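Colleague: Please take me through this model by way of questions and answers, and explain each term when it comes up.

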Amino acid sequence: MPGSIDLIVSTVYIGVTIWLAYWLRLYALFYLDSYPLTRSLVLEFIATAELCGACFELIIIADNWGVWMYALYLFLLTIWWSMNWDEASACPYTHMEDVVIQRKPLTIAVLTICAELAGGLVIFKYIQMLWAFQFASTHKGRAYGDCTTDLQVSAITGALVECVATCMCRVVSRVLGELNPRFSTIIDAFVGTSLVVAAFNYTGGYFNPALATSLKYGCLGTSSMEHVMVYWIGACIGSIASLRVYRMPFVQNFLQLQVNTDTVYS
C-alpha cells in the first residue's frame, strides 16, 4: 500500500488546485463585475475546472486508499465548494432545471453548459502536468496511461442509478434550501457524499454530466453512447424529475410540518 508521503502529495495537489481556483474566482469577480453574463460563464468555467481537477486526484486516493478515504476528502471539499462557489454550480442539469421553470433562457443555459464542459476538459492538461512530475508513486504511469470505466453494471441499470441518486440529491438540496436549518451545508454534503459512496461500485457515483465527461469520457470499457446514456441522460432525467418530486404532497407536507414546528418553538 502506498505510504503517507503519497497521500500528502495528493492532498497538496488538491490544495494547490482549489487555491488557484480561489484566486482566479476573486479576479473574475473584480474585473468582470460590469459584465454579468461573461462573469457567470467564467465562474462556471473556473468552478468546473476546480471540481474536475480535485476529483482527478480523488480517483488516485480512491484507487489506493479506498472509498472511505475518498468519501472523507469529497465531504470536506463539498463543504468548501458550497461556501465558495457562490452563483456557480459546475453542473449542467441545474441550468436545464432553470430552463424548465423559466428562470433562464435556453440560449444562456446552453452557453453556460458549454463553459462548464470547457473547464472540465481543459483541466486535464493541468493534471497531466502535475502527474508527470511523479512526486508520488501513485502517479507513475497515470499522466499518459489509459483510463478505465467506472461503470460496473449495464448502461440501463447505470442510468437508473444516476437518475435516482441525482433526483434524491436535488430534492434534499431544495428542502434544505427552503428550510435553511443550522448546518444545512454539512447536511447537504453528507447526503451527497453518502449517495456517491452508495453508487460507487455501480457507476462511480458522479451525478454530474460535466464531471463524468471530464474524468471518464472515452475510457476503456464504455462506449460513447453508453456514457451519454448513463451520465447525461440518466442524471438529467433525475434532475428534471426532482422538480416534480419536490412538489409532491409528501414533500410539501414535510416542509409545512417543519415550518409549523419552528413557528411553535420559536
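Modeller: Helices are DSSP runs of H or I with at least four residues, strands are runs of E with at least two, and both are numbered from the N terminus. This is a predicted model, in which local features need pLDDT of at least 70 and side-chain atom pairs count only at pLDDT 80 or more, while totals for chains, interfaces and linings use all residues. Residues are numbered from 1 along each chain as its sequence is written, and side-chain values use heavy atoms, with hydrogens and water left out.

Colleague: How much space lies in the largest pocket?

Modeller: Rolling a probe the size of a water molecule over the atoms shows where empty space is left. On a 1 Å grid over the protein atoms alone, a cavity is a set of points where a 1.4 Å probe fits but cannot get out, whereas a pocket is an open set with protein on both sides within 12 Å along at least five of seven lines, and lining residues have an atom within 4 Å of a point. Grid points are joined across faces, edges and corners, and a volume is the space filled by probe spheres set on the points. For the largest pocket, that space is about 1,400 Å³.

Colleague: Which helix gives the largest share of the lining of the largest pocket?

Modeller: The lining has 46 residues, of which Ser 89, Thr 94, Arg 170, Ser 173 and Asp 188 lie nearest the centre of the pocket. The elements that give two or more residues to this lining are helix 2 (36-65), helix 3 (67-84), helix 4 (92-100), helix 5, helix 6 and helix 7 (184-199). The largest share, seven residues, comes from helix 7.

Colleague: Which cysteines does the disulfide join?

Modeller: A disulfide is a covalent bond between the sulfur atoms of two cysteines, and here the test for one is a pair of cysteine sulfur atoms within 2.5 Å. A search of the whole structure finds one such pair, with an S to S distance of 1.8 Å. The pair links distant parts of the chain, 72 residues apart, with one partner in the loop between helix 5 (106-132) and helix 6 (155-179) and the other in the loop between helix 8 (209-216) and helix 9. In that order, the partners are Cys 147 and Cys 219.

Colleague: Is the disulfide of Cys 147 and Cys 219 left-handed or right-handed?

Modeller: The handedness is read from the torsion about the S-S bond of Cys 147 and Cys 219, which is about -105 degrees. With that value, the disulfide is left-handed.

Colleague: Is Cys 219 buried, partly exposed or exposed?

Modeller: Buried means under 20% relative accessible area, exposed means over 50%, and partly exposed is in between, using a 1.4 Å probe and protein chains only. The partner, Cys 147, counts as partly exposed at 32% relative accessibility. Cys 219 has a relative accessible area of 3%, so this residue is buried.

Colleague: Why is the sulfur of Cys 167 not bonded to that of Cys 163?

Modeller: Cys 167 is itself buried, with a relative accessible area of 13%. Cys 169 is likewise in no disulfide, the nearest cysteine sulfur, that of Cys 91, being 9.6 Å away. For Cys 167 the closest cysteine sulfur is the one in Cys 163, which is too far for a bond because the distance is 6.6 Å.

Colleague: Where is the kink in helix 9 centred?

Modeller: The expected span of a helix is 1.5 Å times one less than its number of residues, and for the 23 residues of helix 9 (residues 224-246) this gives 33 Å, which agrees with the 32 Å between its end C-alpha atoms. The bend at a residue is the angle between axes fitted to the seven residues ending there and the seven starting there. In helix 9 there is a kink of about 25 degrees, and its centre is Ile 233.

Colleague: How many of the 30 residues of helix 2 are buried?

Modeller: Helix 2 reaches 42 Å from its first C-alpha to its last, close to the 44 Å expected at 1.5 Å a residue. Helix 2 is largely enclosed by the rest of the structure, because the number of its residues that are buried is 21.
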